[in-house]
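Let's take a walk through this model together, starting on one helix and working out to its partner and the whole chain. Have the structure open and turn it as you read.

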Amino acid sequence: MNKSALTEAIEERARSTKDSKPLIEDSPSPPPAPSKKVARQSKSPWVEFCKEYAKLNGCSYKEAMGQKEKYSAWKESRATTKPAASLDVEEESEEVSDE
């Protein structure tokens, strides 16, 4: 086969495959599931204290990390009562009497 005959044979083959059905039909594949990064959950009581303290007292996490003296009281009271109740130590709660 010379160059022109080879070129013609290749073009003929390309034309015939366009007209015919493919042997394997492309089935629509489902889109890949988006990968969700799951944040690592800390089990440290110190981290839990800082998060709860910051939330209840309206301060930043960094500010809550400076409350080390309140952490021991929180940790002790956590065993007996709700942890959220012991974090509200910054503001002295005044009891309101019903008169």
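Start on the outside of helix 4: the exposed residues Lys 68, Glu 69 and Glu 76 sit on the face turned away from its buried side. Here helices (H or I, at least four residues) and strands (E, at least two) are DSSP runs, numbered from the N terminus. Buried means under 20% relative accessible area, exposed over 50%, and partly exposed in between, with a 1.4 Å probe and protein chains only. Before going further, keep in mind that this is a predicted model, where local features need pLDDT of at least 70, side-chain atom pairs count only at pLDDT 80 or more, and totals for chains, interfaces and linings use all residues. Residues are numbered from 1 along each chain as its sequence is written, and side-chain values use heavy atoms, with hydrogens and water left out.

Lys 68 counts as exposed because its relative accessibility is 60%. Its C-alpha is 9.4 Å from that of Cys 50, with the two positions 18 residues apart in sequence. Lys 75, also a helix 4 residue, is a milder case: at 46% relative accessibility it counts as partly exposed. Follow it across to Pro 45, and you find the C-alpha atoms 7.8 Å apart, although the two are 30 residues apart in sequence.

Now flip the helix over. What are the buried residues of helix 4? They are Tyr 71, Trp 74 and Ser 77. These cover an arc of only 135° around the axis, so they are on the same side of helix 4 (the arc is that of the directions from the helix axis to the C-beta atoms). The general rule is handy here: an α-helix has 3.6 residues a turn, so residues three or four places apart point the same way.

Ser 77 belongs to helix 4, which spans residues 68-78, and it counts as buried because its relative accessible area is 17%. Its side chain reaches the backbone oxygen of Trp 74 at 3.1 Å.

Next, look at what the buried side joins. The largest nonpolar core has seven residues: Phe 49, Cys 50, Tyr 53, Ala 54, Ala 64, Tyr 71 and Trp 74. Such a core is a set of buried Ala, Val, Leu, Ile, Met, Phe, Trp, Tyr and Cys residues joined through side-chain atoms within 4.5 Å. Helix 2 (45-57) and helix 4 are the elements that give two or more residues to it, and helix 2 supplies the largest share, four residues. Cys 50, leaving aside neighbours within four places in sequence, is in contact (heavy atoms within 4.5 Å) with Tyr 61, Ala 64 and Met 65.

How do these two helices pack? Helix 2 and helix 4 meet at an angle of about 105°, with their axes 10 Å apart. Axes are lines fitted to C-alpha atoms, for helices over the stretch in contact, and angles run from 0 to 180 degrees between N-to-C directions. The pair is therefore roughly perpendicular, a label for angles of 65 to 115 degrees. Among the residues that meet are Phe 49 and Tyr 53 in helix 2, and Tyr 71 and Trp 74 in helix 4.

Finally, zoom out. The protein has five helices and zero strands, and buried residues make up 13% of its 99 residues.

Definitions and conventions: A polar contact is a pair of N or O atoms within 3.5 Å; within protein, one must be able to donate a hydrogen and the other to accept it, and residues adjacent in sequence count only if both atoms are side-chain atoms. Angles under 35 degrees count as roughly parallel, over 145 as roughly antiparallel, 65 to 115 as roughly perpendicular and the rest as oblique.
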